[in-house]
Amino acid sequence: MSVHLSTRKIIKEWTDYNEHMNMAYYVLIFDQAWEKMLNKFHMGGENAQVNKRSTMVVDTRTTYDNEVKENEEVDVYCTFFDHDKKRLHLKCEMYEKNSKKLAATIESLSLYIDLDKRKVTEFEQDKIQIMDDFINK
């Protein structure tokens, strides 16, 4: 499975003295792209405010495969997604748009949290159905 999540242009503020994107901004771009998926699953910021349920990342692994520079564009794809009753597991890849070179990857594990109790909780059945439909596309 490979689902396009976003395209971003690298801005000057994201670059460092090595004249390429600083490592922190790779994670920012991945995080913002993943938020789009969470909104599709009804688990994004609005759900956190209204239903007091949210996801929290508990583990990540990021690779930095090729540098990207100011004014270049990157495409972010979700290339793996799975879940159980309380966890989301995903892998995303970032490609420099023109060269199609892999720029970075991130793999993460998130837990579903009841924000009132600040404890892990199970996904609601409608969210499980949305995620299963996504996986089985």
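**Exercise 1.** At the start of α1, which backbone nitrogen does a side-chain oxygen of N22 reach?

*Solution.* Keep in mind that this is a predicted model. Begin with N22 and look at its side-chain oxygen: the backbone nitrogen of A24 lies within 3.0 Å of that atom. Now go to the other end of the helix. Just after α1 comes H42, with a positive phi of about 60°.

**Exercise 2.** Check the span of helix α1 (residues 23-40) against what 1.5 Å a residue predicts.

*Solution.* Count the residues: there are 18 in α1. The expected span is 1.5 Å times one less than the number of residues, which gives 26 Å. Then compare the end C-alpha atoms, which sit 27 Å apart, so the two values agree.

**Exercise 3.** Find the buried residues of α1 and what covers them.

*Solution.* First, pick out residues under 20% relative accessible area: Y26, I29, F30, A33, W34, M37 and L38 are buried. Next, recall that an α-helix has 3.6 residues a turn, so residues three or four places apart point the same way. Finally, look at the cover, which includes β1 (3-9), β2 (53-64), β3, β4, β5 and α3 (125-135).

**Exercise 4.** Trace how β4 pairs with β3 and with β5.

*Solution.* Start with β3 (residues 73-83) and β4 (residues 87-96): nine bridges link them in the antiparallel sense. One pair to locate is V74 with its bridge partner E96 in β4. A three-residue hairpin connects these strands. Move on to β5 (residues 102-114), which is also antiparallel to β4, over nine bridges. Here L88 has S110 of β5 as its bridge partner. Five residues lie between the strands in this hairpin, where K100 takes a positive phi near 65°.

Conventions:
Residues are numbered from 1 along each chain as its sequence is written. This is a predicted model: local features need pLDDT of at least 70, side-chain atom pairs count only at pLDDT 80 or more; totals for chains, interfaces and linings use all residues. Side-chain values use heavy atoms; hydrogens and water are left out. Two strands pair if DSSP finds at least two bridges between them. Helices (H or I, at least four residues) and strands (E, at least two) are DSSP runs, numbered from the N terminus. Buried means under 20% relative accessible area, exposed over 50%, partly exposed in between (1.4 Å probe, protein chains only). Contact means heavy atoms within 4.5 Å. A polar contact is a pair of N or O atoms within 3.5 Å; within protein, one must be able to donate a hydrogen and the other to accept it, and residues adjacent in sequence count only if both atoms are side-chain atoms.
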